[in-house]
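Subject: Handover of a structure for your review

Dear colleague,

Please find below the structure that I am handing over to you. My notes on it follow directly after.

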Amino acid sequence: VIAYDPEEGTWRELAPMPTARTRLRLVATGGHLYAVGGFGNPPVALPAVERYDPTRDTWDPVAPMTEPRGLPGAVAARWGDRDVVVVVGGGQGELFTPTFTVADSTEVYDVDADKWQALDARLPRGRVSLVCALEADGSVLAIGGATGEPTPLRPTALVQALALPTGREPH
């Protein structure tokens with residue numbers, strides 16, 4: 001892991017992540033950086049999540065996702081009064097083999113409780129390599145990516161909004 005210091009114009013090495021992986025997502029919330037999912041070696045989707053503490057330059061494992069996911073969409077959000085990480089879609093199984101599938105599910109990580117919760121909301125079709133963004137009203141946008149089961153994957157321009165359930169917080 002390396003970090004750029006824009007004031008100094010330099011790069012420096014940081015502590016390495018405990019789990020070597022590619023095609024993960026990074027999300028910043030609550031003063032920490034979360035490494036979410038990705039593919040290991042061999043390129044099989046991982047449920048692993050690790051939190052980087054910049055004040056200590058350390059990575060610590062946190063609760064794994066309920067499903068392994070490589071190249072999911074991920075974004076930090078607020079759900080009620082809780083900081084959460086929302087993860088949408090992603091690839092599962094071994095990358096680009098007959099066991100590779102594309103997830104249509106969504107799960108939410110409660111930062112304080114160190115727990116994941118699967119949501120009932122599903123994408124109309126599974127997506128991988130998508131981007132998530134947060135709207136002003138708190139909805140999570142699932143943007144672009146690729147669809148296709150098992151392969152070939154086909155790019156999509158779909159944009160869909162997911163509203164976190166109201167009236168209840170993560171549990």
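How many helices and how many strands does the secondary structure of the chain contain? The chain has zero helices and 17 strands. Please bear in mind throughout that this is a predicted model.

Overall dimensions and surface

The radius of gyration of the chain is 16 Å, which agrees with the value near 16 Å that a compact globule of 171 residues would have. Along the principal axes, the C-alpha atoms occupy a box of roughly 45 × 40 × 30 Å. Of the 171 residues, 44% are buried. Where contacts join residues at least 6 apart in sequence, 45% of them connect residues at least 24 apart. The exposed area of the chain comes to about 8800 Å², and 54% of this is supplied by carbon and sulfur atoms.

Charges and salt bridges

The chain carries 15 positive and 22 negative side chains, with 6 Å between the centres of the two sets. In general, side chains of opposite charge can pair when their charged atoms come close. How many salt bridges does the structure hold? There are eight salt bridges in the structure, and I describe some of them here.

Arg69 and Glu107 form a salt bridge in which the closest N and O atoms are 2.8 Å apart. This pair links distant parts of the chain, its two residues being 38 residues apart. Arg69 sits in the loop between strand 6 (58-61) and strand 7 (73-79), whereas Glu107 belongs to strand 11 (residues 106-110). Are these two residues, Arg69 and Glu107, buried or exposed? Both Arg69 and Glu107 are buried.

A salt bridge also joins the side chains of Arg56 and Asp60, at 2.8 Å from N to O. Asp60 counts as partly exposed because its relative accessibility is 27%. The two residues also take part in a network of salt bridges that links Asp53, Arg56 and Asp60.

Asp83 and Arg78 form a further salt bridge, with 2.8 Å between the closest N and O atoms. With a relative accessibility of 23%, Asp83 counts as partly exposed. Arg78, at 46% relative accessibility, likewise counts as partly exposed.

Backbone features

Which two residues does a cis peptide bond join? The cis peptide bond is between Asn41 and Pro42, and its omega is about 10°. Pro42 is located in the loop between strand 4 (32-36) and strand 5 (49-53).

Two aspartates should also be noted for their phi angles. Asp57 is not a glycine, yet it has a positive phi of about 55°. This residue is found in the loop between strand 5 and strand 6. Asp57 counts as partly exposed, its relative accessibility being 30%. Asp114, again not a glycine, has a positive phi of about 55°. Its place is in the loop between strand 11 and strand 12 (115-118). With 34% relative accessibility, Asp114 counts as partly exposed.

In brief, the chain combines 17 strands with zero helices, and its radius of gyration agrees with that of a compact globule. The points that you may wish to view on the model are the buried pair of Arg69 and Glu107, the network of Asp53, Arg56 and Asp60, and the cis peptide bond between Asn41 and Pro42.

With kind regards

Technical notes. Residues are numbered from 1 along each chain as its sequence is written. This is a predicted model: local features need pLDDT of at least 70, side-chain atom pairs count only at pLDDT 80 or more; totals for chains, interfaces and linings use all residues. Side-chain values use heavy atoms; hydrogens and water are left out. Helices (H or I, at least four residues) and strands (E, at least two) are DSSP runs, numbered from the N terminus. The radius of gyration is taken over C-alpha atoms; the globule rule is 2.2 Å times the number of residues to the power 0.38. Buried means under 20% relative accessible area, exposed over 50%, partly exposed in between (1.4 Å probe, protein chains only). Contact means heavy atoms within 4.5 Å. Accessible areas come from the Shrake-Rupley method with a 1.4 Å probe; for residues, only the protein chains shown count as cover. Lys and Arg count as positive and Asp and Glu as negative; His and the chain ends are not counted. The place of a charge is taken as NZ of Lys, CZ of Arg, CG of Asp or CD of Glu. A salt bridge is a side-chain nitrogen of Lys or Arg within 4 Å of a carboxyl oxygen of Asp or Glu.
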